[in-house]
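Please look over the structure below together with this briefing, which takes up the domains, the nonpolar core, the ligand surroundings and the annotated positions in turn.

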Amino acid sequence: MQRVFSGIQPSGIPTLGNYLGAIRNWVPMMRDHECIYSVVDLHAITQPFDPKTLARQTREMAAALMACGVTPDKCVLFVQSHVHAHARLAWIFNCVARLGWLNRMTQFKDKAGKDRENVGAGLYVYPNLMAADILVYHATRVPVGEDQKQHLELANDIAQKFNHDFGEDFFPPIEPIIQGVAARVMSLRDGTRKMSKSDPSDQSRINLTDDADTIALKIRRAKTDAEPLPAELSALEGRPEARNLVGILAAITGEEPQQVLRAHEGQGFGTFKGVLTEALVAHLSPIQGEMQRLLNDPAAVDAALRQGADKAAAIAEPIVARAEELVGFLPRR
Ligand code: AQP
């Protein structure tokens with residue numbers, strides 16, 4: 001059985017984008033892979049964050065995952081900072097990766113913005129930590145969106161250079177499980193930007209915790225245009241907001257966007273938004289109920305995460321110890 005690693009940052013409440021683009025796909029993968037899923041708090045501190053809310057957000061993210069079906073009895077679910085092997089291997093990778101490789105990472109350029117001198121160094125070496133997250137379990141499959149493909153190539157470069165420099169075929173190659181662009185959910189305020197949990201505007205996203213009224217309001221206010229829905233998907237080119245709402249309904253109902261258009265051809269957005277709201281509320285409310293039930297007993301969530309961390313460490317410790325041995329560190333005896 002192949003081993004999968006995936007992570008999600010506790011940088012806010014999970015959004016509909018996180019759910020449709022990542023979390024929902026984690027569940028079926030647990031049937032035929034050994035899945036290791038992490039709430040990656042070490043990554044979350046590479047961007048501005050609030051130390052007063054980080055722990056709560058981390059627990060909430062774990063509860064959201066469990067409520068979506070990522071249950072700890074069927075996978076290894078844990079918090080990244082609880083397993084020290086990640087940071088230990090990441091340091092070694094900081095010394096293996098070349099600056100030239102990191103300089104090519106487009107996500108750093110996007111996230112750093114214009115004021116690069118003032119960005120934390122952690123954001124720059126983020127891909128090295130991501131490589132460590134995967135390779136510290138010798139995981140070979142990683143579900144990624146298009147935007148993460150470059151980081152995965154870097155992880156493979158790091159693994160190869162480590163193997164070459166330290167004389168052993170130690171780290172296996174990683175293969176992406178590519179998720180289609182269809183799963184990409186865009187901001188409700190701007191159809192050309194992705195929906196993000198850290199977007200300053202709450203109106204730009206649906207949070208998994210939004211109640212029915214909030215969802216209705218956000219969808220009603222979502223940016224659209226005055227044209228009715230066409231019959232053909234190709235006619236939505238140049239209408240990113242309309243395309244996004246059609247894509248969301250398709251993802252929620254399990255249909256193709258083309259089928260959604262056929263069913264709603266000629267409709268204005270007033271009507272279509274009503275249908276979309278109803279579908280979203282019906283789909284998300286059981287998840288919200290379960291998340292709330294879990295968060296009513298935070299000690300039980302923390303205990304599940306502790307067990308997950310123990311299971312993760314049992315896999316990662318021998319691997320990082322061997323990597324340290326290959327590098328030549330004197331073992332602690
Ligand atoms: N809008 C999206 N559509 C589809 N998939 C998405 N993902 C994120 N946004 C969308 C997927 O969610 C997973 C977890 O992402 P992450 O938390 O590690 O970081 P991210 O991709 O940077 O997600 P956010 O929500 O945009 O977080 P912030 O605002 O903190 O940067 C990934 O698999 C991602 O592809």
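The points below are grouped by topic.

This is a predicted model, and its protein chain is divided into domain 1 (3–183 + 298–327) and domain 2 (202–293). The ligand has 18 residues around it, and the largest nonpolar core has 88 residues.

**Domains and their contact**

- The centres of domain 1 and domain 2, taken over C-alpha atoms, are separated by 30 Å, and 13 residues of domain 1 are in contact with 11 residues of domain 2.
- On the side of domain 1 that touches domain 2, H1 and helix H3 (54–67) each supply at least two residues, and H1 gives the most, with four residues.
- By residue class, the side of domain 1 that touches domain 2 divides into 11 nonpolar residues, two polar residues and no charged residues.

**The largest nonpolar core**

- Among the 88 residues in the largest nonpolar core, Ile-36, Leu-89 and Ile-134 are the ones that touch the most other members.
- Helix H7 (residues 121–135) contributes the largest share of this core, with eight residues.
- Because domain 1 (3–183 + 298–327) and domain 2 (202–293) both give residues to this core, the core lies between them.
- In soluble globular proteins, nonpolar side chains tend to be buried together.
- If residues up to four places away in sequence are not counted, Leu-89 touches Ala-132, Leu-135, Val-136, Val-320 and Ala-323.

**Surroundings of the ligand**

- Of the 18 residues around the ligand, the ones that come nearest are Ser-11, Gly-17, Gly-21, Ser-196 and Ser-198.
- Helix H1 (residues 16–32) gives the most to the shell around the ligand, supplying five residues.
- The residues of this shell divide into six nonpolar, nine polar and three charged.

**Positions annotated in UniProt**

- In an unreviewed entry, UniProt lists residues 10–18 as a short sequence motif, the 'HIGH' region; over residues 10–18 the chain is 33% helix and 0% strand, with the end C-alpha atoms 11 Å apart.
- UniProt, again in an unreviewed entry, lists Asp-133 as a binding site, and the place of Asp-133 is in helix H7.
- Asp-133 counts as buried because 27 other C-beta atoms lie within 10 Å, where the cut-off for a buried residue is 20 or more.
- With its neighbours within four places in sequence left aside, Asp-133 is in contact with Phe-5, Gly-7, Ser-38, Val-40 and His-86.

Note on methods:
Residues are numbered from 1 along each chain as its sequence is written. This is a predicted model: local features need pLDDT of at least 70, side-chain atom pairs count only at pLDDT 80 or more; totals for chains, interfaces and linings use all residues. A residue is near a molecule or strand if its C-beta atom, placed from the backbone, lies within 6 Å of it. Ala, Val, Leu, Ile, Met, Phe, Trp, Tyr, Cys and Pro count as nonpolar, Asp, Glu, Lys and Arg as charged, and the others, Gly among them, as polar. A nonpolar core is a set of buried Ala, Val, Leu, Ile, Met, Phe, Trp, Tyr and Cys residues joined through C-beta atoms within 7 Å. A residue is buried if 20 or more other C-beta atoms lie within 10 Å of its own, exposed if 12 or fewer, and partly exposed in between; C-beta atoms are placed from the backbone. Domain bounds come from an automatic or database domain assignment. Two residues are in contact if their C-beta atoms, placed from the backbone, lie within 7 Å. UniProt positions are given in the numbering used here, feature names are shortened, and annotations may be inferred rather than shown by experiment.
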